[in-house]
Amino acid sequence: MIVGGGFAGFACAKKLARLFEVRERDIEIVLIDKQDYMLYTPLLPDVAGGAIDPRFVTVSLADALPSVRLIVGRVDAVDPEARTVTVARENHEPLELGWDKLVLTPGSVTRLFDVPGLHEHARGLKTVAEALYLREQLLHQLESAEHEADPVVRRARRTVVVVGASYAGTELVAQLRALADAYADRRGIERDEIRFLLLDTAKQVMPEVGERLGEKALEVLRGRGIDIRLETSLRSVADDHVVLTDGARVGTHTVAWVTGVTGAPLLDDLGFDLERGRLVVDEYLRAPGHPDILAGGDAAAVPDLVRGDGAITPPTAQHASRQGKTLARNVAADFGIGRAAPYRHRDMGLVVDLGPGFAVANPLGKHLSGLPAKAVTRAYHTYALPRGVNRWAVTLGYLTTAFVPRPLTRLGLVSAREAGFADSEGIQEPAHASD
Ligand SMILES: Cc1cc2nc3c(=O)[nH]c(=O)nc-3n(C[C@H](O)[C@H](O)[C@H](O)COP(=O)(O)OP(=O)(O)OC[C@H]3O[C@@H](n4cnc5c(N)ncnc54)[C@H](O)[C@@H]3O)c2cc1C
């Protein structure tokens, strides 16, 4: 039984299905996920920027894994002693299911800090709902600004604040900037009337790509008019403004919070050891003391055997999908197919798409920026998407935006509540002292 059909769970189910089929073993694989698709998160910034349609980045689990039994529901509890999970399903009583081997790959959620107003007024970028909401919120605010007589309110509606300058937040700000530029060009307003702030407590943008490429990205983004403020974050968030940690007050109605992740809430109630919110596992991806429970991806603190020194692997899709394969191999070994192996993977580098005509990438230690990096980035995503139909659709999306400006239509599909941290990611607001 696999809980979570994201990068790790999907790769695990796929490889296990193949191993069992080849060996003609009649072992049932059950995959449980809250949603019926695997989400290709690296393209969520493109969805938020309106460059890619949200359906293109969702891979149907039923289509991609035909021999796997798919259950769409939320696992609310795991009982390691009784060997059961409890699954909440829409319009039905909870379902209790037994397992012989349990693979936990429920991923992560946005890490929130105790910033007043953050829960209510900011939105993350981990789900389709959040990406769609950010796009439509920006367009909605730009439209409202057109009718606004008060220059202070108009400026606030034309201001976007993105917090988190690692690769996801930086890609997001670049894509939202491109969407705003397209809007400005078509509505005849100056591009620099729409203001973007990118904040981070770090001293550098995208530390993951190294200092040189980080500096390059900083220069290009600043050249596009993005106000990047390092060693700065949010002190508070309100409906119409934020207060920065340096005391500055910035009027805005659009705040994206992309500062990092922590393990899925399901892990908190297991009673197992956690490290940085992730389930502690050994190098074979097994939970200590529970050899029939394995975990990988963002949900697990997997020892990084390449870096050593007690390091754990970073929460990336690259590690998650490779750990998914190791999970499958080690589960299969328990059924007498092949031999178990420890997880060991050398990081292959990152590709970061920074909007029109620019990207940075460090594949296999090579430092690329500009158009060569853009080509590598796009080729990588079209290769890494796990289904042909998605690759086709994304390629068409790329080609379309190369020749035609991105669409500015607003469909109003996602409400502010649906895109909130509670509804879209399942993060409950912490109870306040007075509650
Ligand atoms: C905007 C963005 C951009 C990114 N870009 C990159 C990139 O360019 N390169 C890179 O390497 N990484 C990137 N990442 C990181 C990458 O997305 C994660 O590391 C990866 O998704 C982790 O895979 P996973 O399988 O552990 O979790 P996920 O892919 O998040 O999958 C977890 C699955 O579990 C399901 N689930 C959770 N809880 C439950 C439950 N209780 N019951 C049932 N199902 C449940 C979820 O619905 C989900 O389908 C990016 C992340 C984001 C948010």
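1. A salt bridge here is a side-chain nitrogen of Lys or Arg within 4 Å of a carboxyl oxygen of Asp or Glu. Please keep that cut-off in mind for the next point, and remember that this is a predicted model.

2. D200 deserves a friendly second look. This residue is buried yet has no salt bridge. The nearest side chain of opposite charge belongs to R111, which is 8.4 Å away; because a salt bridge has to fall within 4 Å, R111 does not supply one for D200.

3. What surrounds D200? Leaving aside residues up to four places away in sequence, D200 touches G164, A165 and S166, and also R229, L230, E231 and T232. As for its own place in the fold, D200 lies in strand β13, which covers residues 195-200.

4. Now to a sheet elsewhere in the chain. Three strands form an open sheet in the order β15-β16-β17, and their pairing is antiparallel. β15 (234-237) and β17 (249-251) are the edge strands; each has a single partner, so one side of each is left without a neighbour in the sheet. On average, neighbouring strands of this sheet are turned by 20° against each other, direction ignored.

5. The pairing of β15 with β16 can be followed in more detail. β16 spans residues 241-244, and 3 bridges join this strand to β15, the two running antiparallel. Within the pair, L234 stands opposite L244 of β16.

6. Finally, the annotation. An unreviewed UniProt entry places the feature "domain: FAD/NAD(P)-binding" at residues 1-324. In the model, that span is 30% helix and 28% strand, and its end C-alpha atoms lie 13 Å apart.

Notes
Residues numbered from 1 in each chain as written. Predicted model: local features only at pLDDT ≥ 70, side-chain atom pairs only at ≥ 80, totals over all residues. Heavy atoms only, no water. Helix = DSSP H or I, 4+ residues; strand = E, 2+ residues; numbered from the N terminus. Buried < 20%, exposed > 50% of the residue type's maximum accessible area, 1.4 Å probe, protein only. Lys, Arg positive; Asp, Glu negative; His and termini not counted. Contact = heavy atoms within 4.5 Å. UniProt positions renumbered as here; feature names shortened; annotations may be inferred. Pairing = 2+ DSSP bridges. Axes fitted to C-alpha atoms, helices over the stretch in contact; angles between N-to-C directions.
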